[in-house]
Amino acid sequence: MESISFTITTRTPQVTGDAKRANGEIITLPKELQEWFKGLPDWEPPAFLVGGAVRDVLLTAAPKDLDLVHPKADQLATALQNFHQATLVPLFAKDTVKKTWRLVRKIGNSREELDLSSFHGNSLEEDLANRDFTINAMAMAIGQDNHTGELVDPFGGHNDLLQNKVVRQTTPDTFPADPLRILRAYRFSATLDLIISPETREAIRANCPLLPEIAMERQLVELLKIFASKRAYSTMNQMDEDGVLELIFPEIQAMKGCKQNSFHHKDVWQHCLLVLQNCEYILQNLTAFFGDMAEKIEKYLAGNRKLPLLKLAALLHDVGKPASKDIRKDGRITFYNHDLLGAEMIGTIGERLLIGKQGTAFLERLVGGHLQVLNLSASKVKKQTLIRWLRRHGDDCLALLILGLADVKSTL
């Protein structure tokens, strides 16, 4: 099969025979995409691969989704459906300007999908201008019989992705058009190891009051991806600095400035951020902390969103402290039963975030039990007590151990 390659341009591309990047490197488009167009008759080229798929190709990563645009998307969708005997599903409401079709075909036991849309606007350039960030506002031209095409990059996404390593808004309308993009900016920063450009952070601060307008289901998807990344601590810290985090977790307002007892050198909120940081460190060094158990722990955390939810629990494990704080006559500060109160509060937060019963119960178990690891480490604890604890929590004792260890490390 002839490979697909491209060069970088800011012009409307002309499909050519053997285009290359400026350094002479040929970059091949995903094999799955080539298979969709191989031998396809009677269609009007070019079509354009757009969005995250282009970003992934530039990063030499396998694209998670294949999204294409074409000025006559309905005709191309029908041609692909007939040629591959694929299922064609419309993904648009009657009043939607930009129409999208999803093509689904089976290859053996696997399932392949391709989304094909009309332009958002009157041209490819207008379509790209409506996308969120420069790193997602690029397109690759696909020609007849898998001929090569050019990379269309009107906003400098290629340099932002590979050289500048920044997340930059495409236009000043990026966040007003869809405030969820605020969380997407942090998510791309966290997962792709990029920084958010200063002007984009300023735009986030100006537009973050719009975030509560967005359905919580959409917010949760982005939040879990951030917590699942290796940069959850630094990202949460940045979201807090930008005034975004309190819009999602208003409970942290009371945690800030809440002074603790002599066992802690930080207020409740700064302590919780430190616990998240230590939790993330432990998770990235499981073998150093748990030896041969590391592989089992990794497998356990990979299921049922346990990894991101564990980090969320670390961030909010002391959410019950402000309401349970008491200053005794001798000046001592106590937080009796803050773990139990925190479990109730995290349950309410889980419901508000629409995490679901299973995920919310997991959070309640971690926040309500985060003191148990330290208590059970005392030499006077009986073996039978440890056995009962292990039986009660099952495999979730692994998450409790990590949270407890991170909590203890954060008091030193």
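Helices (H or I, at least four residues) and strands (E, at least two) are taken here as DSSP runs, numbered from the N terminus. On that basis, the protein chain of this predicted model holds 22 helices and 12 strands.

## Overall form

Taken along the principal axes, the box filled by the C-alpha atoms of the protein chain is roughly 85 × 45 × 45 Å. The chain has 412 residues, of which 50% count as buried. Among contacts between residues at least 6 apart in sequence, 68% join residues at least 24 apart. One separation across the model is that of Val 408 and Arg 102, which are 306 residues apart along the chain and have their C-alpha atoms 50 Å from each other. Val 408 belongs to helix α22 (residues 397-409); with a relative accessibility of 32%, Val 408 counts as partly exposed.

## Helix α16 and its two partners

Two packed helices are described by the angle between their axes and the distance between the axes. Helix α16 (residues 306-316) takes part in two such arrangements, set out below.

| Helix pair | Axes come within | Crossing angle |
|---|---|---|
| α16 (residues 306-316) and α19 (residues 357-368) | 9 Å | roughly 45 degrees |
| α13 (residues 268-283) and α16 | 7 Å | roughly 150 degrees |

Angles over 145 degrees count as roughly antiparallel, and the crossing of α13 with α16 therefore makes these two helices roughly antiparallel. On the α13 side, the contact is made by Trp 269, Cys 272, Leu 273, Val 275, Leu 276, Cys 279, Glu 280 and Leu 283; on the α16 side, it is made by Leu 307, Leu 310, Lys 311, Ala 314 and Leu 315. Sorted by class, this contact comprises 11 nonpolar and two charged residues, with no polar residue.

The pairing of α16 with α19 has another geometry: these helices are oblique to each other, and their crossing is right-handed. From α16, the residues Lys 306, Leu 309, Leu 310, Leu 312, Ala 313 and Leu 316 meet Gly 359, Phe 362, Leu 363, Leu 366 and Val 367 of α19. By class, nine residues of this contact are nonpolar, one is polar and one is charged. Leu 310 of α16 appears in the contact with α13 and also in the contact with α19.

The residue Arg 305 lies in the loop between α15 (294-301) and α16. Arg 305 has a phi near 60 degrees, a positive value in a residue other than glycine, and at 33% relative accessibility it counts as partly exposed.

## Aromatic pairs

A pair of aromatic rings is described by the distance of the centres and the angle of the planes. Four aromatic pairs are found in a search of the whole structure. In one of them, the ring centres of Phe 37 and Trp 43 are 5.1 Å apart and the planes stand at 55 degrees, so the pair is tilted. Phe 37 and Trp 43 are both buried.

Another pair, Phe 133 with Phe 188, is edge-to-face, with 6.0 Å from centre to centre and 80 degrees between the planes. This pair links distant parts of the chain, 55 residues apart: Phe 133 is in the loop between α4 (124-129) and β7 (139-142), whereas Phe 188 is in helix α7 (residues 181-192). Both Phe 133 and Phe 188 are buried. Ring pairs join Phe 133 and Phe 188 with Phe 175 into a cluster.

Two members of that cluster, Phe 133 and Phe 175, are also in contact with Gln 169. Leaving aside neighbours within four places in sequence, the other residues in contact with Gln 169 are Asp 132, Thr 134, Thr 174, Glu 199, Thr 200 and Ala 203. Gln 169 is placed in the loop between β9 and α6 (174-177). With a relative accessible area of 15%, Gln 169 is buried.

## Backbone details in loops

The peptide bond from Pro 45 to Pro 46 is cis, its omega being near 0 degrees. Pro 46 sits in the loop between α1 (31-37) and β2 (47-50).

Lys 165 is a residue other than glycine with a positive phi, near 55 degrees. Lys 165 is located in the loop between α5 (157-164) and β9 (166-167). A relative accessibility of 41% means that Lys 165 counts as partly exposed.

Key
Residues are numbered from 1 along each chain as its sequence is written. This is a predicted model: local features need pLDDT of at least 70, side-chain atom pairs count only at pLDDT 80 or more; totals for chains, interfaces and linings use all residues. Side-chain values use heavy atoms; hydrogens and water are left out. Axes are lines fitted to C-alpha atoms, for helices over the stretch in contact, and angles run from 0 to 180 degrees between N-to-C directions. Angles under 35 degrees count as roughly parallel, over 145 as roughly antiparallel, 65 to 115 as roughly perpendicular and the rest as oblique. A crossing is left-handed if the near helix is turned anticlockwise from the far one by less than a right angle, and right-handed if clockwise. Contact means heavy atoms within 4.5 Å. Ala, Val, Leu, Ile, Met, Phe, Trp, Tyr, Cys and Pro count as nonpolar, Asp, Glu, Lys and Arg as charged, and the others, Gly among them, as polar. Rings of Phe, Tyr and Trp (its six-membered ring) pair if their centres lie within 6.5 Å; planes under 30 degrees apart count as stacked, over 60 as edge-to-face and the rest as tilted. Buried means under 20% relative accessible area, exposed over 50%, partly exposed in between (1.4 Å probe, protein chains only).
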